[in-house]
Amino acid sequence: MKLHTLKATEGARKAKTRVGRGHAAGKGKQAGRGQSGQTKRSTVRLGFEGGQLPLFRRIPKRGFNNVNHIEHQVINLKTLEAKFNDNDVVSYETLKAKNLIKGSLPVKILGNGTLTKKLIVTIPALSLKAKEAIEKVGGKIEVQ
C-alpha cells in the first residue's frame, strides 16, 4: 500500500449541490429559496424586522465606553512587602520573573497594605497613596 494508491471509500465524499442550474439538476428554478419575495432575492441585514423599528433601536442606550481607557494589572504594596527584599528593584521584568503579573498589560502599583522595605520602583503607573508610602520608608521612584 502506498499513499498515492489510497482512495476514499464509496459514498465518503459527496459532491456540492450546484443550485440554480436547471430542472434536471434537482435545484433549478428557485434554487431551494422557496417562493418569490424578499428572502429569495437577497439576504436581509442583521436585525431587520420587516420595517418595524428593530429591537436594538427600541432598547434605551445607557453608559459610556471611554476609548482612551487603559486596563492595568494591579499590584498592591502588601504584595511588594511579601515578595521583595530591602533595596530590590521593582520593575516589569522582576514582577514577571516572580510570577506576579501575566501577559503584556501595563502594571499599576496601588497603596493597599503597608510597606517597611526600601524599594527602587521603575514602574511608571503609581497611585498617590503608593507613591507616598514608598517615599516615606526611603524608597526611590525612577520613572522611565
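The legends below walk through several close-up views of a predicted model. In this model, local features need pLDDT of at least 70 and side-chain atom pairs count only at pLDDT 80 or more, while totals for chains, interfaces and linings use all residues. Residues are numbered from 1 along each chain as its sequence is written, and side-chain values use heavy atoms, with hydrogens and water left out.

**View 1. Three strands, β1, β3 and β5, line up in an open sheet.** Strands here are DSSP runs of E with at least two residues, and helices are runs of H or I with at least four; both are numbered from the N terminus. Two strands pair if DSSP finds at least two bridges between them. The order is β1-β3-β5, and the pairing is parallel. Strands β1 and β5 stand at the edges with a single partner strand each, so one side of each has no neighbour in the sheet. Between β1 (residues 73-76) and β3 you can look for four bridges, and Asn-76 has Leu-110 of β3 as its bridge partner. Two bridges link β3 to β5 (residues 125-126), where Ile-109 stands opposite Leu-126.

**View 2. Strand β3 shows two faces.** Which residues of β3 belong to the covered face, and which to the uncovered one? Val-107 and Ile-109 make up the covered face of this strand (residues 107-110), whereas Lys-108 and Leu-110 make up the uncovered one. In a regular strand, side chains alternate between the two faces of the sheet.

**View 3. Gln-73 of strand β1 is a buried residue.** Its relative accessible area is 14%, which is why Gln-73 counts as buried (buried means under 20%, exposed over 50%, and partly exposed in between, with a 1.4 Å probe and protein chains only). The side chain of Gln-73 reaches the backbone oxygen of Leu-105 at 3.0 Å. Leaving aside residues up to four places away in sequence, Gln-73 touches several residues, including Ile-101, Gly-103, Pro-106 and Val-107; contact means heavy atoms within 4.5 Å.

**View 4. A second open sheet has the order β2-β4-β6.** Its three strands also pair in parallel. Here β2 (89-90) and β6 (140-141) stand at the edges, each with a single partner strand, so one side of each is left without a neighbour in the sheet. Two bridges join β4 (residues 120-121) to β6, and Val-121 has Ile-141 of β6 as its bridge partner.

**View 5. Glu-49 and Arg-58 meet in a salt bridge.** How many salt bridges does a search of the whole structure find? The search finds one, and the N to O distance between Glu-49 and Arg-58 is 2.8 Å. A salt bridge is a side-chain nitrogen of Lys or Arg within 4 Å of a carboxyl oxygen of Asp or Glu. Glu-49, at 30% relative accessibility, is partly exposed, and Arg-58, at 42%, is partly exposed too.

**View 6. Met-1 and Leu-128 are two exposed residues to find.** Met-1 lies in the segment before α1 (38-41) and has a relative accessible area of 88%. Leu-128 is in helix α5 (residues 128-136), and its relative accessible area is 63%. To get a feel for distance, look from Leu-128 to Gly-20: they are 108 residues apart in sequence and 70 Å apart in space, C-alpha to C-alpha.

Definitions and conventions. Polar contact = N/O pair within 3.5 Å; in protein donor to acceptor, adjacent residues only side chain to side chain.
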